[in-house]
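Student: Got a minute to go through this one with me? I'd like to begin with the charged pairs.
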Amino acid sequence: MITDTKTRRSRSGMFHRPDDARKAFDSTLSALKMDYIDLFLIHWPLPTLYDGDYVSTWKVLEESQRDGRARSIGVSNFQVAHLQRLADEASVVPAVNQIEAHPYFGNEEVRAYGREHNILTEAWSPIAQGKVLDAPTVVDIAGEVGRTPAQVVLRWHPGGRARTRKPSPTYLADLRIGRNA
């Protein structure tokens, strides 16, 4: 089992300020009754809030990784400029960037940056909330290869939804092939 979570919304706003992120992480570990999380993400860079200081929040995630309570750390909804700022100002490169990506929205610029910097892309809404499952091309391909439309679309994703503590293209390919063969 792989556990992952991310900074989340609270009644008072987002848990993105450094102290709030630290408390949220601790409460998550406590609620799950676990000593560590496999993957912890910053949910959103929120560049217009907290003076755009997602780097300080990222450094809290780096602390969690250093002390072994987060095996891997990553981000969600980060664009190239956000990722580059982390590269310039932080010590650890995100293991994962969870972004919207599906055949109708490839998000290729962000994915290309990830490939160049060994940041695994994890697709949220990888089947476009079901909208691509009825696409004629997807249905035709699924029929030709004897798979479901969902399997065809998931195969389209380089990196798909698979996760690993340390991104490994071989591991991910084997995982996808095993699940979707």
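Tutor: Sure, definition up front: a salt bridge here is a side-chain nitrogen of Lys or Arg within 4 Å of a carboxyl oxygen of Asp or Glu. With that in hand, D19, R22 and E63 are linked in a network of salt bridges. Keep in mind that this is a predicted model, where local features need pLDDT of at least 70 and side-chain atom pairs count only at pLDDT 80 or more, while totals for chains, interfaces and linings use all residues. Residues are numbered from 1 along each chain as its sequence is written, and side-chain values use heavy atoms, with hydrogens and water left out.

Student: How many salt bridges does the count come to?
Tutor: The count comes to 6 salt bridges. One of them pairs D26 with R69, with the closest N and O atoms 2.5 Å apart.

Student: Where do D26 and R69 lie?
Tutor: D26 is in helix α1 (residues 18–32), and R69 is in the loop between α2 (54–66) and β5 (70–76), so the salt bridge ties together parts that are 43 residues apart in sequence. Helices (H or I, at least four residues) and strands (E, at least two) are DSSP runs, numbered from the N terminus.

Student: And how accessible is D26?
Tutor: D26 has 33% relative accessibility, which is partly exposed. R69 is partly exposed too, at 23%. For the cut-offs, buried means under 20% relative accessible area, exposed means over 50%, and partly exposed is in between (1.4 Å probe, protein chains only).

Student: What about R85 and E89?
Tutor: Their side chains form a salt bridge, 3.1 Å from N to O. R85 and E89 are 4 residues apart in helix α3 (residues 80–89), so about one helical turn separates them. R85 is partly exposed at 26%, and E89 is partly exposed at 39%.

Student: Which residue does R115 pair with?
Tutor: R115 forms a salt bridge with E108, the closest N and O atoms being 2.4 Å apart. R115 counts as exposed at 54% relative accessibility, whereas E108 is partly exposed at 43%.

Student: Let's zoom out. How many helices and strands are there?
Tutor: The chain has 7 helices and 7 strands. Starting at the N terminus, the elements run β-β-β-α-β-α-β-α-β-α-β-α-α-α.

Student: And what share of the chain is buried?
Tutor: Of its 181 residues, 43% count as buried. Among contacts (heavy atoms within 4.5 Å) with a separation of 6 or more, 63% are between residues 24 or more positions apart.

Student: OK, N77 next. Where is N77, and is it buried or exposed?
Tutor: N77 is in the loop between β5 and α3. With a relative accessible area of 12%, N77 is buried.

Student: What is N77 in contact with?
Tutor: Leaving aside neighbours within four places in sequence, N77 is in contact with H43, W44, P45, H82, N97, Q98, I99 and W124. The N77 side chain also makes polar contacts: one with the side chain of S76 at 3.2 Å, and another with the side chain of W124 at 3.1 Å. A polar contact is a pair of N or O atoms within 3.5 Å; within protein, one must be able to donate a hydrogen and the other to accept it, and residues adjacent in sequence count only if both atoms are side-chain atoms.

Student: And N107, what does its side chain reach?
Tutor: The N107 side chain reaches the backbone oxygen of E100 at 3.0 Å. N107 lies in the loop between β6 (96–100) and α4 (108–116), and is buried at 13% relative accessible area. N107 also has a positive phi of about 50 degrees although it is not a glycine.

Student: What's the phi story for S125?
Tutor: S125 has a positive phi of about 60 degrees, and S125 is not a glycine. S125 sits in the loop between β7 (120–124) and α5, and is buried at 14%.

Student: Last topic: at what angle do α5 and α6 pack?
Tutor: Helix α5 (residues 136–145) and helix α6 (residues 149–156) pack at about 100 degrees, with their axes 8 Å apart. The contact is made by V138, I141, A142 and V145 of α5 and P149, V152 and V153 of α6. Axes are lines fitted to C-alpha atoms, for helices over the stretch in contact, and angles run from 0 to 180 degrees between N-to-C directions.
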